[in-house]
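Visitor: I am new to this structure. Please take one part and show it to me closely, then tell me how the rest of the chain fits around it.

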Amino acid sequence: MTLAKFINQILGRFGVAVIRKETLSRLLGSQQMEKSLGELALTLKEMKDSTDRNHRQLLCHQINAKWDMVDLLERHRTSSATALSCPLCDYRGEVAKFDRFVTGCIFEGGTLVRHQCPECDLIFGAEKMLGLSEAELSRDYEWHYQIFSEGDSTPQEIRAFHALKPERDRVYLNWGTGAWSKTMDLLRQDGWNVYGYEPHSAATVSSPYVISNMEQLSAMQFDGIFSNNVLEHLRYPVRELSVMRALLKSGGKMSHATPCFEYLYEFTRFHLFFYLGRSRSILAAKAELSIDDFVVDGEFMNIILTKD
């Protein structure tokens with residue numbers, strides 16, 4: 001046994017050790033390197049956070065500037081408009097026959113001007129949103145979801161699911177899943193066979209049970225489809241409900257919950273339609289669906305549709 005080992009054997013009882021100067025320098029250098037790497041990691045994180053903030057601010061400014069310009073052009077265009085057409089029932093009449101609703105978008109979307117159809121009660125608009133192509137509307141969503149996220153409405157979504165009166169051996173689809181919702185996980189943990197569909201990549205969560213490809217979805221069949229805060233977003237609601245109808249098995253049902261069965265949450269440009277009064281029956285009939293039930297419990301409003 002060397003002298004150093006013998007001394008360290010004795011000193012070890014007191015938590016003390018003797019090491020060579022070269023070893024000490026090497027250890028201190030290693031610690032300094034670890035400290036430097038830690039500081040570098042912290043700096044890189046701060047740089048990334050700053051870059052992300054700047055990106056969001058620039059994108060926010062870009063969205064705001066875009067809609068300010070659109071509003072300017074809209075004011076010149078609509079001042080000369082003499083007639084309007086309802087996008088649901090196709091009624092066409094003088095602008096004065098349509099009630100007018102004006103508000104602002106809290107998501108940098110400028111002024112929102114909507115109108116109510118005197119024939120079917122639908123409130124629709126803003127016209128500047130309805131004038132977008134599907135690609136333009138999708139891009140607006142993608143930008144929006146890089147800055148904002150929807151609130152977590154999992155309880156309402158689960159309530160909409162149970163309104164279907166589901167059975168354990170059946171298959172169901174959550175239309176418009178969204179990355180912020182816990183519905184899919186909770187229902188599957190509870191033993192329900194539920195899939196999700198989310199067309200917007202910026203709002204999609206990575207899961208083998210969430211589908212974002214319509215071609216893949218079209219190959220499947222479901223006993224029920226449910227959604228929450230989705231119906232008001234659909235640019236072509238009759239067409240999209242018809243797509244959902246094609247995915248239902250015979251006798252299948254849909255459950256769609258939204259407070260936009262009244263004129264509520266009007267402060268976002270993404271709410272394109274508010275299904276008041278007669279518009280609900282017209283929407284169902286045009287999509288070849290029948291209304292089983294319509295439930296109003298405060299702001300929870302839910303329509304149950306059946307495939308004829």
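**The largest cavity and its surroundings**

Guide: Start with the largest cavity in this predicted model. Its lining is made up of Leu-231, Leu-241, Phe-261, Arg-280, Leu-283, Ala-284, Ile-303 and Leu-305. The volume is about 30 Å³. A search of the whole structure finds one cavity of 30 Å³ or more.

Which elements build the lining? Helix H9 (279-286) and strand E13 each supply at least two residues of it. H9 gives the most, with three residues.

Now follow one lining residue outward. Leu-231 lines the cavity, and Leu-231 is also touched by Thr-258. Thr-258 sits in the loop between strand E10 and strand E11 (273-274). Is Thr-258 buried or exposed? Its relative accessibility is 1%, so Thr-258 counts as buried. Leaving aside residues up to four places away in sequence, Thr-258 touches Asn-229, Leu-231, Glu-232 and Met-301. With Glu-232 there is a polar contact as well: the two side chains are joined at 2.8 Å.

Asn-229 leads on to the largest pocket. Asn-229 is among the lining residues nearest the pocket's centre, along with Tyr-145, Glu-150, Val-230 and His-233. In total, 47 residues line this pocket. Its volume is about 1,200 Å³. Helix H4 (134-147), helix H5, helix H8 (237-247) and strand E13 each supply at least two residues of the lining. H4 gives the most, with six residues. E13 appears here again: it supplies at least two residues to the lining of the cavity and at least two to that of the pocket.

H5 deserves a look of its own. This helix covers residues 154-162, and Thr-154, Glu-157, Ile-158, Ala-160 and Phe-161 in it are buried. Seen down the helix axis, these buried residues fall within an arc of 155°, so they line one face of H5. What covers them? Strand E6 (171-175), helix H6 (183-189) and strand E7 (193-197) are part of the cover. So are strand E9 (222-228), strand E10 (248-257) and strand E13 (300-307).

Finally, step back to the whole chain. It has nine helices and 13 strands. Of its 308 residues, 38% count as buried. Take the contacts between residues at least 6 apart in sequence: 63% of them join residues at least 24 apart. The chain exposes about 17,100 Å², and carbon and sulfur atoms supply 54% of that area.

Terms used
Residues numbered from 1 in each chain as written. Predicted model: local features only at pLDDT ≥ 70, side-chain atom pairs only at ≥ 80, totals over all residues. Heavy atoms only, no water. Buried < 20%, exposed > 50% of the residue type's maximum accessible area, 1.4 Å probe, protein only. Helix = DSSP H or I, 4+ residues; strand = E, 2+ residues; numbered from the N terminus. Arc of directions from axis to C-beta. Contact = heavy atoms within 4.5 Å. Polar contact = N/O pair within 3.5 Å; in protein donor to acceptor, adjacent residues only side chain to side chain. Areas by Shrake-Rupley, 256 points an atom, 1.4 Å probe, with all protein chains shown as cover. 1 Å grid on protein atoms, 1.4 Å probe; cavity = no way out; pocket = protein on both sides within 12 Å on 5 of 7 lines; lining within 4 Å. Points joined across faces, edges and corners; volume = space filled by probe spheres on them.
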